[in-house]
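I opened the notebook to record what I looked up in this model. Overall fold and individual residues both get entries.

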Amino acid sequence: MKPQEVLVDCQDAARTYGRALAAVVAVHGATCQVRAGDRIAITGPSGSGKSTLLHLMAALEQPTTGQVSWPGLVERPMAAQVGVVFQGPSLIPALDVAENTALPLVLAGVPDERARRRALDCLALVAADGLAGKLPEELSGGQAQRVAVARVLALRPRLILADEPTGQLDSATGRHIIDVLLAAADEIGAALVVTTHDPAVAQRLDQRWAMHEGRLHPPPEPHRRPAAAAPQGETS
Ligand code: ADP
Ligand code: MG
């Protein structure tokens, strides 16, 4: 079997905030890889460094020491290949749902009409096409999170990083959002990494990486998916 392509490679990557006596080591040297087709939960209590590790993988943070690289993401700009779903509300209040979903495409230079059609397709993938004309303030928390997922799908990323996507939802709605993320990742052939402190959410993913006080423990082992479940996407 062909080895699964490495999308993100963290080598002893650490992130410290502040300096000297005020320094907080949010992530101690983390060594881990995310591969095409992976479905990973990063678990751990609040403050254990989950978000910081996710932000390192998203290139939203630079490692203080060590390296993060994206060997499998060389074809398009990084921002188009890594989609991030944030924990809190992230929709733009003045734009309706279709406009919010189309925004990454419009910013990437896709003509308005094409961007809108693609946005409606993505909303349909998360069963939110009926919400297209609504404003964010009219949505429930679960609806808003589904739209945030649709917006991430618009650019067809190869990697979806979701930071506590169920953190502000009741458990039934949270389970539904995880199902939506898993189905969406399958649909576009993306790898999926979800941070969560909820064991029931973590159980839905194929791998669980545990964080404790900034350390990944035990160190994650590469995980082999069954060949039939691997994404079909060709590699460069
Ligand atoms: P988690 O997502 O598991 O709750 P975080 O990665 O958010 O953990 O935080 C890990 C540690 O780093 C915590 O002690 C937190 O207070 C600290 N931290 C996170 N972000 C910052 C920041 N921007 N400035 C200072 N400290 C931070
Ligand atoms: Mg967090």
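**Entry 1: C10**

I began with C10, which I found in strand β1, residues 6-17. The model is a predicted one, and I read every value below with that in mind. Buried or exposed, I asked of C10? C10 counts as buried because its relative accessibility is 0%, and the cut-off for buried is under 20%.

Next I listed what C10 touches, leaving aside neighbours within four places in sequence. The contacts are A30, T31, C32, L53, M57, Q67 and V68. I also looked up a residue further along the chain, A162, which is 152 residues apart from C10. The C-alpha atoms of C10 and A162 are separated by 18 Å.

**Entry 2: the cysteines**

How many disulfides does the structure hold? I found zero. I then checked C32, which is in no disulfide. The nearest cysteine sulfur to C32 is that of C10, 4.0 Å away. A disulfide needs the two sulfur atoms within 2.5 Å, so the 4.0 Å between C32 and C10 does not qualify.

I noted the burial of C32 as well: at 4% relative accessibility, C32 counts as buried. C122 is also buried, at 0% relative accessibility.

**Entry 3: the whole chain**

I stepped back to the chain. I counted seven helices and nine strands. Along the principal axes, the C-alpha trace spans about 50 × 45 × 35 Å.

What radius of gyration would a compact globule of 236 residues have? It would be near 18 Å, and the chain has 18 Å, so the two agree.

I turned to burial and contacts. Of the 236 residues, 49% are buried. Among contacts with a separation of 6 or more, 72% are between residues 24 or more positions apart.

The surface came next. The accessible surface of the chain is about 11,500 Å². Carbon and sulfur atoms hold 54% of that surface. I looked up the charges too: 22 positive and 25 negative. Their mean positions are 3 Å apart.

**Entry 4: N100**

I moved to N100, in helix α3, residues 97-107. N100 is buried, since its relative accessible area is 0%. Which residues does N100 touch, beyond those up to four places away in sequence? I found L91, I92, L95, P136 and R151.

I also took a distance to Q81, which is 19 residues apart from N100 along the chain. The C-alpha atoms of N100 and Q81 are separated by 18 Å.

**Entry 5: L135**

L135 lies in the loop between α4 (112-125) and α5. I found L135 partly exposed, because its relative accessibility is 29%. Where is V97 relative to L135? The two are 38 residues apart in sequence, yet 6.0 Å apart in space, C-alpha to C-alpha.

I listed the contacts of L135, without its neighbours within four places in sequence. They are P93, A94, L95 and D96. L95 is also among the residues that N100 touches.

**Entry 6: Q145**

Q145 sits in helix α5, residues 141-153. Is Q145 buried or exposed? At 7% relative accessibility, Q145 counts as buried.

I wrote down the contacts of Q145, again leaving aside neighbours within four places in sequence. V85, F86 and Q87 are among them. P165, L169 and I177 are also in contact with Q145.

**Entry 7: positive phi**

Last, I looked up backbone angles at two residues other than glycine. The phi of R156 is positive, near 50°. R156 is in the loop between α5 and β6 (159-163). I found R156 partly exposed, with a relative accessible area of 42%.

The phi of E164 is also positive, near 45°. E164 is in the loop between β6 and α6 (171-188). Buried or exposed, I asked of E164? E164 counts as buried because its relative accessibility is 7%.

I set the two side by side: R156 is partly exposed, whereas E164 is buried. Each has a positive phi, near 50° for R156 and near 45° for E164.

How values were computed
Residues numbered from 1 in each chain as written. Chains lettered and ligands numbered in written order. Predicted model: local features only at pLDDT ≥ 70, side-chain atom pairs only at ≥ 80, totals over all residues. Heavy atoms only, no water. Helix = DSSP H or I, 4+ residues; strand = E, 2+ residues; numbered from the N terminus. Rg over C-alpha atoms; globule rule 2.2 N^0.38 Å. Buried < 20%, exposed > 50% of the residue type's maximum accessible area, 1.4 Å probe, protein only. Contact = heavy atoms within 4.5 Å. Areas by Shrake-Rupley, 256 points an atom, 1.4 Å probe, with all protein chains shown as cover. Lys, Arg positive; Asp, Glu negative; His and termini not counted. Charge placed at Lys NZ, Arg CZ, Asp CG, Glu CD.
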